[in-house]
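Reader: I am new to this structure and would like a close look at a single part of it. Could you take me slowly through the aromatic rings and what surrounds them?

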Amino acid sequence: MTNKLIYLMQLGSLAFIWIFVGTICYWVFQLLAVAWRLHDVPQASLAISLLAISVFIIIASTLTYVFV
């Protein structure tokens, strides 16, 4: 019973991590769309968003690797 509970908690953690990363990616894409509509500086917006998205995906992938 304990092993199954631990497995379910790990699975829940993995699901939460990827939902969190997906939400952040969606939010960043929405910010890029707003910046595009407001004619903001595209280079700065793209550079910051690409860096942020890649960092979150790398962290989530690392945590997934650790759990698996």
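**The aromatic rings and their surroundings**

Author: The model shown here is a predicted one, and a few words about the whole chain will help to place the rings. The chain has 2 helices and 0 strands, and its C-alpha trace spans about 55 × 15 × 10 Å along the principal axes. A compact globule of 68 residues would have a radius of gyration near 11 Å, whereas this chain has 16 Å. Buried residues account for 19% of the 68 residues, and of the accessible surface, which comes to about 5600 Å², 78% belongs to carbon and sulfur atoms.

Now to the rings themselves. A pair of aromatic rings is described by the distance of the centres and the angle of the planes. A search of the whole structure finds 2 aromatic pairs. One of them joins F16 and F20, whose rings are stacked, with 6.1 Å from centre to centre and 20° between the planes; the word stacked applies because planes under 30 degrees apart count as such. These two residues are 4 apart in helix α1, which covers residues 2–37, so about one helical turn separates F16 from F20. As for their surroundings, F16 is exposed, with a relative accessible area of 56%, while F20, at 43% relative accessibility, counts as partly exposed.

F20 also pairs with F56, and here the arrangement is edge-to-face, with 6.2 Å between the centres and 80° between the planes. Since F20 lies in helix α1 and F56 in helix α2 (residues 42–67), this pair ties together parts that are 36 residues apart in sequence. F56 counts as partly exposed as well, with a relative accessibility of 29%. Taken together, the ring pairs link F16, F20 and F56 into a cluster.

From the rings one can step to the nonpolar core by way of V21. Leaving out residues up to four places away in sequence, V21 touches F56, I57 and A60. V21 and A60 both belong to the largest nonpolar core, which has 7 residues, the others being I17, I24, C25, V28 and I53. Each of the helices α1 and α2 supplies at least two residues of this core, and α1 gives the most, with 5 residues. As a general background, nonpolar side chains tend to be buried together in soluble globular proteins.

It is worth following α2 a little further, as the helix that carries F56. With 26 residues at 1.5 Å a residue, α2 should span 38 Å, and its end C-alpha atoms are 37 Å apart, which agrees. Buried in α2 are S45, S49, I53, A60 and T64, and the buried residues of this helix pack against α1. Two of these names, I53 and A60, have already appeared in the core, but S49 deserves a separate look. S49, which has its place in helix α2, is buried, with a relative accessible area of 5%; the cut-off for that word is under 20%. Apart from neighbours within four places in sequence, S49 is in contact with V28 and L32, and V28 is itself one of the core residues.

To return to the rings: F20 is the residue that takes part in the stacked pair with F16 and also in the edge-to-face pair with F56.

How values were computed
Residues are numbered from 1 along each chain as its sequence is written. This is a predicted model: local features need pLDDT of at least 70, side-chain atom pairs count only at pLDDT 80 or more; totals for chains, interfaces and linings use all residues. Side-chain values use heavy atoms; hydrogens and water are left out. Rings of Phe, Tyr and Trp (its six-membered ring) pair if their centres lie within 6.5 Å; planes under 30 degrees apart count as stacked, over 60 as edge-to-face and the rest as tilted. Buried means under 20% relative accessible area, exposed over 50%, partly exposed in between (1.4 Å probe, protein chains only). A nonpolar core is a set of buried Ala, Val, Leu, Ile, Met, Phe, Trp, Tyr and Cys residues joined through side-chain atoms within 4.5 Å. Contact means heavy atoms within 4.5 Å. The radius of gyration is taken over C-alpha atoms; the globule rule is 2.2 Å times the number of residues to the power 0.38. Accessible areas come from the Shrake-Rupley method with a 1.4 Å probe; for residues, only the protein chains shown count as cover. The expected span of a helix is 1.5 Å times one less than its number of residues.
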